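Reader: Hey, got a minute to walk me through this one? I'd like to hear how the pieces pack.

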Amino acid sequence: MSPCFIAGGSLAVSSVTDNELPRDTDPVNRSSYGILTNKLTEKSMVIIPITDDSSRKISYILKTKGVKVHTVDIPPADSSLSKSAWNYQTELCVEAIAKHLKKPFFTHSFKKAHSLVYEAKTALFEFSELSRRRTDLISYPLRMFIIYSYYCTANITEWTKKLRQLNDKIKEFKEESENNKNSVLLAGSPIYFPNFKIPYLLNQAGLKISANIDYAAVKALNPVKPDKDYFDFMSNYYENDCSSAYAKNDRLCRYVLKAADKYKPDGIVFHILKGQIEYDYELSRIENMLGERNIPLFRLETDYNKQDIEQLRIRAEAFGEVLQQRKFTEVSR
């Protein structure tokens, strides 16, 4: 028995749920539900972090079907009580896993696992920095695939070893010279493999993605030193989470502004996956903050369908032309 992280979804699996879930349910929840209802056995246990109303509803539906489900409620507001509430939720989760596996939780096992995760994330952070400057060797969609493969590996030790070998290989090549492509930050709704429609689209539109700001990428690239105890580790996870679970997602705003200051992008592409309106609530605040830095923002809403690719490509190319015109204006000044 081994854990399985459902990294993304597919249009095919999503369509299976048409008769059971509302039409406007976001594709990640739809496809995840489709996978769960078709692949689970009596020995399966599902852990669902409650990040939105859809995940709460789906957990209830699965329970009514006899599926063993444990939900993790993420405190939606950052207050003096939120950290203790989060720690309590993680304790309940550990107890539920131990009970399901009929195997107690040992501190030494946690420390060993923590060390393996730290080594993996450290290698992944190095890869992120190296590959960002070597788009001639590694395209951005491929770069995203490698980063998100962290969540899918069955052997994290072997995965870390292979990634370090890749990092060493990248270092053998000289850095590419700056190209004339307009650079953008890609933020908002997470983009999961295999649905890399947006990165491919932006690449075809002549836009270079400097960084991807969403909670899945932030988690993968945020190593926590293994000298921390269990509650320090979990507190760090909560304090750096920028998922849609929060009533006011200040952390997402903070990460976007930090990346904007670090990478100096020409613009921001804010991705909204249809149905995930929780990210739309933060859009106006982020847009106002970027306005103070004179950075334009492009809102891009889509789902897993391919019918709108041409329309989105035209809009992305138009945004690229706006960014190019701004460059010419700056040079003229």
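Author: Sure, we can go through the helix contacts, the sheet and an aromatic pair. Keep in mind that this is a predicted model.

Reader: Helices first, then. How do H2 and H3 cross, and at what angle?

Author: Helix H2 covers residues 27–39 and helix H3 covers residues 53–64; their axes come within 11 Å and cross at roughly 15°. Because angles under 35 degrees count as roughly parallel, that makes H2 roughly parallel to H3. The crossing of H2 past H3 is right-handed.

Reader: And which residues in H2 and H3 meet?

Author: From H2 you have Asn29, Tyr33, Leu36 and Thr37, and they meet Ser54, Ser55, Ile58, Ile61 and Leu62 in H3. By class, the residues of the contact of H2 with H3 are five nonpolar and four polar, with no charged ones.

Reader: OK, what about H5 and H7? Left-handed or right-handed crossing?

Author: Left-handed for H5 passing H7. The axes of helix H5 (residues 107–132) and helix H7 (residues 156–171) come within 9 Å and cross at roughly 25°, which makes H5 roughly parallel to H7.

Reader: Who's in that contact of H5 and H7?

Author: On the H5 side, the residues include Leu116, Ala120, Ala123, Leu124, Phe127 and Leu130. H7 brings, among them, Ile156, Trp159, Leu163, Leu166 and Ile170. Glu119 and Glu126 of H5 take part too, and so do Arg164 and Lys171 of H7. The class split for the contact of H5 with H7 is twelve nonpolar, three polar and four charged.

Reader: Switching topic: aromatics. How many aromatic pairs are there?

Author: The count comes to eleven aromatic pairs. Take Trp86 and Tyr238: their ring centres are 5.7 Å apart and the planes are at 25°, so this pair is stacked.

Reader: Where do Trp86 and Tyr238 sit in the chain?

Author: In distant parts of the chain, which the pair links: Trp86 is in helix H4 (residues 82–101) and Tyr238 is in helix H10 (residues 230–239), 152 residues apart.

Reader: What angle do H4 and H10 make, then?

Author: Roughly 115°, with the axes of H4 and H10 coming within 10 Å. The crossing of H4 and H10 is right-handed. Trp86 and Tyr238 both belong to the contact, and other residues in it include Asn87, Thr90 and Val94 of H4 and Phe231, Met234 and Tyr237 of H10. The contact of H4 with H10 has seven nonpolar, four polar and three charged residues.

Reader: Last thing, the sheet. What's the strand order, and is the pairing parallel or antiparallel?

Author: Four strands form an open sheet in the order S4-S3-S5-S6, with parallel pairing. Strand S4 (207–213) and strand S6 (297–302) are the edge strands, each pairing on one side only. From one strand to the next, the twist averages 30°.

Reader: And how many bridges between S5 and S6?

Author: Six bridges, in the parallel sense, with strand S5 spanning residues 267–273. If you want a spot to look at, find Val269, which stands opposite Phe298 in S6.

Definitions and conventions
Residues numbered from 1 in each chain as written. Predicted model: local features only at pLDDT ≥ 70, side-chain atom pairs only at ≥ 80, totals over all residues. Heavy atoms only, no water. Axes fitted to C-alpha atoms, helices over the stretch in contact; angles between N-to-C directions. Helix = DSSP H or I, 4+ residues; strand = E, 2+ residues; numbered from the N terminus. Parallel < 35°, antiparallel > 145°, perpendicular 65-115°, else oblique. Left-handed = near helix turned anticlockwise from the far one by under 90°. Contact = heavy atoms within 4.5 Å. Nonpolar A, V, L, I, M, F, W, Y, C, P; charged D, E, K, R; others polar. Pairing = 2+ DSSP bridges. Phe/Tyr/Trp six-rings, centres within 6.5 Å; stacked < 30°, edge-to-face > 60°.
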